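Let's walk through this structure together, one part at a time. Please have the sequence and the 3D view open side by side.

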Amino acid sequence: MARSSINPVPGPVRTCVGCRERVTASELLRVTAGSDGEGHLVLTPDPGRTAPGRGAHVHPTSECFDLAVRRRAFPRALRVEGALSSTRVSDYLASLDT
């Protein structure tokens with residue numbers, strides 16, 4: 001028999017790849033792997049959560065983002081080989097702070 005939670009979390013639940021906390025998807029920033037003009041792999045912020053393909057979720061804070069980069073969580077979560085440039089996401093997070 002399935003248990004029902006007293007306070008169910010509304011909406012889908014995702015895990016932050018930085019701090020590993022489980023929260024609703026609306027509280028996290030979705031990040032996808034894309035390519036720049038030269039064909040190099042880059043992390044791309046997907047605030048609308050509409051980009052096709054596999055995504056990773058992270059709290060929209062520099063602390064969680066830096067922890068995820070340090071742990072090399074993005075290549076693992078996105079299942080890509082090689083280095084990913086994180087400049088686009090760090091610029092996006094910086095624009096949220098201002």
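A good place to begin is one face of helix H1, where Glu63 and Arg70 are exposed; exposed means over 50% relative accessible area, buried under 20%, and partly exposed in between, with a 1.4 Å probe and protein chains only. On the other side of H1, Cys64, Phe65 and Ala68 are buried. These three cover an arc of only 100° around the axis, so they sit on the same side of H1; the arc is that of the directions from the helix axis to the C-beta atoms. The general rule behind this is that an α-helix has 3.6 residues a turn, so residues three or four places apart point the same way.

Before going further, a word on the source: this is a predicted model, in which local features need pLDDT of at least 70 and side-chain atom pairs count only at pLDDT 80 or more, while totals for chains, interfaces and linings use all residues. Residues are numbered from 1 along each chain as its sequence is written, and side-chain values use heavy atoms, with hydrogens and water left out.

Now for the overall layout. The chain has three helices and five strands, with helices (H or I, at least four residues) and strands (E, at least two) taken as DSSP runs and numbered from the N terminus. Along the sequence they follow the pattern β-β-β-β-β-α-α-α. The C-alpha atoms fill a box of roughly 55 × 30 × 25 Å along the principal axes, and buried residues make up 31% of the 98 residues. Of the contacts between residues at least 6 apart in sequence, 57% join residues at least 24 apart, where contact means heavy atoms within 4.5 Å.

Back at H1, what do its buried residues pack against? Their partners are E4, strand E5 (55–58), helix H2 (73–78) and helix H3 (87–97). Cys64, which lies in H1 (residues 62–70), has a relative accessible area of 10%. Beyond its neighbours within four places in sequence, Cys64 is in contact with Cys16, Gly18, Cys19, Val58 and His59. Just after H1, Arg72 takes a positive phi of about 55°.

Phe65 brings us to the aromatic rings. Rings of Phe, Tyr and Trp (its six-membered ring) pair if their centres lie within 6.5 Å; planes under 30 degrees apart count as stacked, over 60 as edge-to-face and the rest as tilted. By this rule there is one aromatic pair. Phe65 and Phe74 form this tilted pair, at 5.7 Å centre to centre and 45° between the planes. Phe65 is buried at 3% relative accessibility, and Phe74 is buried at 2%.

Finally, turn to the strands. How many salt bridges does a search of the whole structure find? It finds one, a salt bridge being a side-chain nitrogen of Lys or Arg within 4 Å of a carboxyl oxygen of Asp or Glu. Asp46 and Arg30 form it, with their closest N and O atoms 2.6 Å apart. The pair links distant parts of the chain, as Asp46 is in strand E4 (residues 41–46) and Arg30 in strand E3, 16 residues apart. Asp46 is buried at 7% relative accessible area, and Arg30 is buried at 10%. Thr32 also has its place in E3 (residues 29–35) and is buried at 6%. Leaving aside neighbours within four places in sequence, the contacts of Thr32 include Val42, Leu43, Thr44 and Asp46.
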